[in-house]
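I sat down with this one to see how its sheet and a couple of its helices fit together. Here are my notes, in the order I looked things up.

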Amino acid sequence: MGKMLTLLVLRLLMNLLLISWISLWIIKPTTVWIQSWRQAEDTFQHTFFGYYGVSFAVFTFPPIALSIIGLIYLSLLPQHHRLTRGGRSAAITVSRPAIISSFIGIVSCFEIVAVILFLVFLAWTFYVRVNNDLKKLMPVKTMNFDLWQLKYFRVATRFGLLAEACLSLLLFPVLRGLSMFRLLNIQFAASVKYHVWLGTGLVFFSLVHGGSTLFIWGISHNIEEEIWKWQRTGRVYVAGVISLVIGLLMWITSLPQIRRKCFETFYYTHHLYIVFLVSFLFHAGDRHFYWILPGVFLFGLDKTLRIVQSRSESRILSARLNYAPSSFIFMNIPSISQFQWHPFSITSSSSVDKHTMSVMMKCEGKWTDSVYKKLEEAADSDTNNITIRVEGPYGPVSVDFLRYDTLFLVAGGIGITPFLNILQELACENRLKTPKSVQLVFSVRTFQDINMLVPVSPILFRPIHNLNLRIKVFVTQEKKHSNGPTTLKEYLAQPQVQTIHIGTDEDFSRFQILGHESFRRLATLVLVALLTFLGLLIGLSHFFIPNEHKKHSNSMKLAASGAMTTAKEKVPSWVPDLVIIVAYVIAMTIGGLAAIILQWRRQHRETLRMTKEEVNPQGRNFTESTPIVPMEEHGIHIGERPKFKEILSEFETSLRGLSSIGVLVCGPESMKEAVASICRQRFQCFGVDDSRTILNKVNLNFHSLNFSL
């Protein structure tokens, strides 16, 4: 009872913080807020906290506090609650596809509403700011503008605020260990598209802002004079030009056409975000940066924790050549590249074996080709070790697929990997509430690709308690072999898979994959970094920026005589910016050191535990198969593509009253769009169902799983 009350209080606090932060953004452009905030800054300027302390408390603290409380909430959430059907209606509603387009992908009803609200907010901000500017139009002293040029210049300036709004949210979707989207049970792979949308908006508004400013400067013959200025106070325009160029470069190299063909170019170019953010800080100033700081702070700490975790090296113990469910890891192999990290879905199940983690790779680029060659080389030597680094695993807080009565799984090629994990989880005897019926549709190009089912072959033909499993395999680009296997059972009974074991002559306990810290420890690390940053921000500001609160009475006398300027005017505008940078770097360093200490303690405890157990890594069986139990044959179709509508209709007919189908798709975009179209035909947004759905009483709930980021 006490824990449930605590969870309720934490949920209320999270809602209050979120509503407060959103309300600040809404009232921020109004005249009432601007005047009130200036008065508040003047008041706090004469206190210990200063304007920087109150700016941090009002603009930066709420999202970070929301992250801390969210992590505590997740740490207290009972495991059984994560597996129950609580919250099912909301999750089903937001998963319904509304727009299916090859250009923007699959967009749900919930996402459409969120985008519309964000666009309304941007329009509101732009209208109020421009309207106030045009009412109080004042000429720029250093530039001789015509009236239309002055108006256009003010409008262009306000487009910068829209870019700032996009930037303030840009980094939240790409958080991993500290992701707040996990509170909505949205996985990292799904939230990345929000980062893409916000990044596109940021580049668009920045181009309008910067391009229009340069245009006005050009026709007024001020461009050469203004663009290279590094003025003592006010905007640093050259920093704005740098951030615009870098942002545009990062956006261009992240386009799918470039990212998929030249991943290294995309990967390394995206690390210019550090220069971009520093340039933005110097261009916009510290007061604007406090709005951006929550995402930057959490992203920096999240990146630091990931670096700490990835410092630990492991060894590949077994590999198959040629060939928390739906979780994935990022993997790095230093002998191939010290800096490249690639995501892979976990194919094994921790419910089956807590000591083993397996992934499956498809040779589809330089990096994976290099891994294949490394494994071939290792096959010739038992003492040849392959060192890897692992970051993760990352996945849903709740076992999402357990909410449904029935699962309809659609996989294309290497997209089968998350479903291998799910099938093993369903076959586990100690599972709680699970679906009663599962249909897997697996589409591959060649017979050789069927080998990707080998990891779950022991359970495909073995009766599973209280679970009806059906599989349809489609081989699309080959014809039936005259002397080859004729059924899926026959094919998997003699898999064309070579297994190699890579020995290690060193202490196995050195090569553990510990995973990320617990939610409670993550909350502690965020709090430590937050307090460190705030303390340094106030302390360094007092030292480098003259503080007036000690001599307030004398200051008032000097101000009355006109002989005093404010503390902000006594120092260059870039000094407060440097204070933020120094405090940020030190806070991230302290957070990283604390994480290293926690990781060392975990590794020490794990080593002690492993010494008490008989752990033989080569003794784990990767190839031994369970005898196949005769049962109804799973279907294999050669030379044809799956007709999803017919298969789904046939599957629904056999359900006998089950009311909820979780439709999970992982594969090419065309496959996802085809299945999403079928689900969309059944529903309108937000629970308004058509007549066929009411008659059939079957809910189709679409979920897209990404196997490439």
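**Entry 1: the sheet.** I am working from a predicted model, and I went to the open sheet to begin with. I read six strands in the order β12-β10-β9-β8-β13-β14, and their pairing is parallel. Which strands stand at the edges? They are β12 (635-638) and β14 (699-704); each has a single partner strand, so one side of each is left without a neighbour in the sheet. I also looked up the twist: neighbouring strands are turned by 15° against each other on average, direction ignored.

**Entry 2: one edge up close.** I followed β12 to its partner. Strand β10 (residues 468-475) pairs with β12 in the parallel sense, over four bridges. One pair I noted by name is phenylalanine 474, whose bridge partner in β12 is histidine 637. As a reminder to myself, strands of a sheet pair through backbone hydrogen bonds, either parallel or antiparallel.

**Entry 3: helices on the sheet.** Next I checked what lies against these strands. Helix α16 (residues 417-427) lies across β8 (406-412), β9 (437-444), β10 and β13 (660-666), and runs at about 150° to β8. Helix α23 packs on the sheet too, touching β8, β9, β10, β13 and β14, with its direction at about 160° to that of β8.

**Entry 4: the two faces of α23.** Which residues of α23 (residues 644-653) are buried? I found Phe644, Ile647, Leu648, Phe651 and Glu652. They sit on the same side of α23 because they cover an arc of only 135° around the axis. An α-helix has 3.6 residues a turn, so residues three or four places apart point the same way. On the face turned away from the buried side I found the exposed residues Lys645, Glu646 and Thr653.

**Entry 5: helix α6.** I tried a length check on α6 (residues 109-135). At 1.5 Å a residue, its 27 residues should span 39 Å, and the end C-alpha atoms are 39 Å apart, which agrees. I then listed its buried residues: Cys109, Glu111, Phe121, Leu122, Thr125, Val128, Arg129, Val130, Asn132 and Asp133. What do these residues pack against? Their partners are α1 (2-27), α2 (31-45), β1 (97-101), β2 (105-108), α7 (147-170) and α8 (188-219).

**Entry 6: whole chain.** I closed with the totals. The chain has 25 helices and 14 strands. Buried residues make up 51% of its 709 residues. The chain exposes about 34800 Å², and carbon and sulfur atoms supply 61% of that area.

Conventions:
Residues are numbered from 1 along each chain as its sequence is written. This is a predicted model: local features need pLDDT of at least 70, side-chain atom pairs count only at pLDDT 80 or more; totals for chains, interfaces and linings use all residues. Side-chain values use heavy atoms; hydrogens and water are left out. Buried means under 20% relative accessible area, exposed over 50%, partly exposed in between (1.4 Å probe, protein chains only). Helices (H or I, at least four residues) and strands (E, at least two) are DSSP runs, numbered from the N terminus. The arc is that of the directions from the helix axis to the C-beta atoms. Two strands pair if DSSP finds at least two bridges between them. Axes are lines fitted to C-alpha atoms, for helices over the stretch in contact, and angles run from 0 to 180 degrees between N-to-C directions. Contact means heavy atoms within 4.5 Å. The expected span of a helix is 1.5 Å times one less than its number of residues. Accessible areas come from the Shrake-Rupley method with a 1.4 Å probe; for residues, only the protein chains shown count as cover.
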